[in-house]
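Trainee: Before accepting the terms used for this model, I should like to see each one set against its definition.
Mentor: Then let us take them in turn.

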Amino acid sequence: MPPETLRVPPDQDLVVFGATGDLARRKLLPALYELSSQGLLPRHGDVVGTATTDLDDEGFRELARGAIMEFGRSQLEEGSFAAFAGRLRYIPAVTDPGPKLAKVLKRQRRIIYLAVPPSAFDPILQELRSAGLARGSSIIIEKPFGHDLASARELNSALHRIVPEERIYRIDHYLGKETVQNLLVFRFANTLVERIWNRDVVASVQLTVAEDIGVENRGRLYEETGALRDIVQNHMFQLLALTCMSPPSSFDPEALRDEKVKVLHSIRPVAPADVVRGQYTRGSVNGKIMPGYRELDGVSPDSATETYIAMRLAVDSWEWAGVPFYLRCGKALTTRRTEIMLYCRDVPLHLFEGTGIEQLQPNRITLRIQPEEGISFSFEAKQPGPTVLEQGVRMDFSYGQSFKTQPAEAYERLLHDALLGDHTLFIRQDETEAAWKALQPVLDDTPPINLYAAGSQGPTEAEALLRGGRWHDLSHHVGD
């Protein structure tokens, strides 16, 4: 959406718990700076950081400057930064920060961003309540939303004791990506696409979230999550819901989220036998040696935490009954790629009898979420010449080439929407609980770990899930 069509949010303060942490430095502070530079922050409102790091206002401003210079998507401009820095305040959280925040926050309306580990959620919520800050506050909370169905329900109950559901923003940064939002436009603004987007034409669907980086210095935290909790329950199930949802009655936030919830409730509980878990060992990624997961600080030498997971699941809806969905995600793989592939049904071959064509590749629609964002359609064509020889070709749409612009970072869109009070791209309570419910059988009966070398495409055991089919080869060019 072009900046001139975006609204300026009403006056309010923004409080960031965990303001000196990795998420704040890499994403939140650069995103807030971009919004400030575009005039898309409230006209009046402070950005108040709080963390256990001992800083003052000036120290926090210097931290923000460094974060923007290192991780911002545009070059820091001194005039713009001066205006942004004038909003920044800092409250050390060495002891109870609630009373100090109550003195600093000047406005009746505020957003509290919990950029902290899940274990810190409940103490912070209690602190907000005791300091009298719950009234007028909305809360942004990062995934994972609990670690299973029971804990998700407990977390939702704890949140509702502080603020009502309409003031809770469960953030999944994938929903802020332009390519994810464009999935809805691609489906519902094109008559031809929506007519074929169902079980009548689609034979199977593959969703892939592949990373070529490892866990790096997050070993201790990753031991508490793993790939299923870190990626599948939130990112991948949101992509699945957007892929399978029926047209909403409108683009009203609740109408859109109602349709996503219907999909999540339609997912047949995933059987442990249809899941393969993997963990990477030492290997070579992009020409560099990567230590194995169990070699990292904070990781048990006999850890059974998965860094890769693949599964086969079914969506029992009218549109998708009988279509297998294959999901895979992993770290330390051969490439970085997030994509959705819809494989169409085979065509009858009788027309080509006697031509030497014994097999045709099915048509395929590929939605590239990252990198090289775009959409492609693969189909068969005749090679030039006197004989009938087919060859696969591709029609391709590229965001970069078509729009000649760099899309905003996901956190820019999501922070702006939250400041406006727009829930469209945030996850509702029943969404997160429905996703956990579908995965609970896997959590109750966890499949064994299969090892794979860093730089590979994951454990070979995952091939069996496709029952004679094959995963799309990650070593091929994006979209091929």
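**Terms and their grounds**

Mentor: Both faces of β5 are covered: S137, I139 and I141 on one side, and S138, I140 and E142 on the other, are all buried. The model is a predicted one, in which local features need pLDDT of at least 70 and side-chain atom pairs count only at pLDDT 80 or more, while totals for chains, interfaces and linings use all residues. Residues are numbered from 1 along each chain as its sequence is written, and side-chain values use heavy atoms, with hydrogens and water left out.

Trainee: Why is β5 called largely enclosed by the rest of the structure?
Mentor: Buried means under 20% relative accessible area, with exposed over 50% and partly exposed in between (1.4 Å probe, protein chains only). Six of the six residues of β5 meet that limit, so the strand is described as largely enclosed.

Trainee: What makes β4 and β5 a pair?
Mentor: Two strands pair if DSSP finds at least two bridges between them; strands themselves are DSSP runs (E, at least two residues), as helices are (H or I, at least four), numbered from the N terminus. β4 and β5 have five bridges in the parallel sense, and I111 stands opposite S138 in β5. On the other pairing, four bridges join β5 to β6, also in parallel, with I140 opposite Y169 in β6.

Trainee: Why are β3 and β6 said to stand at the edges?
Mentor: The open sheet has six strands in the order β3-β2-β1-β4-β5-β6, paired in parallel. β3 (88-92) and β6 (168-171) each have a single partner strand, so one side of each is left without a neighbour in the sheet.

Trainee: What makes the unit of β5, α6 and β6 right-handed?
Mentor: A crossover is right-handed if, with the strands pointing away from the viewer, the path from the first strand over the helix to the second runs clockwise. The β-α-β unit of β5, α6 and β6 is right-handed, so its path fits that description.

Trainee: How do you know that the span of α11 is close to the expected one?
Mentor: The expected span is 1.5 Å times one less than the number of residues. Helix α11 (residues 253-266) has 14 residues, and its reach of 20 Å from first C-alpha to last is close to the 20 Å expected. Among its buried residues are L256, V261 and L264.
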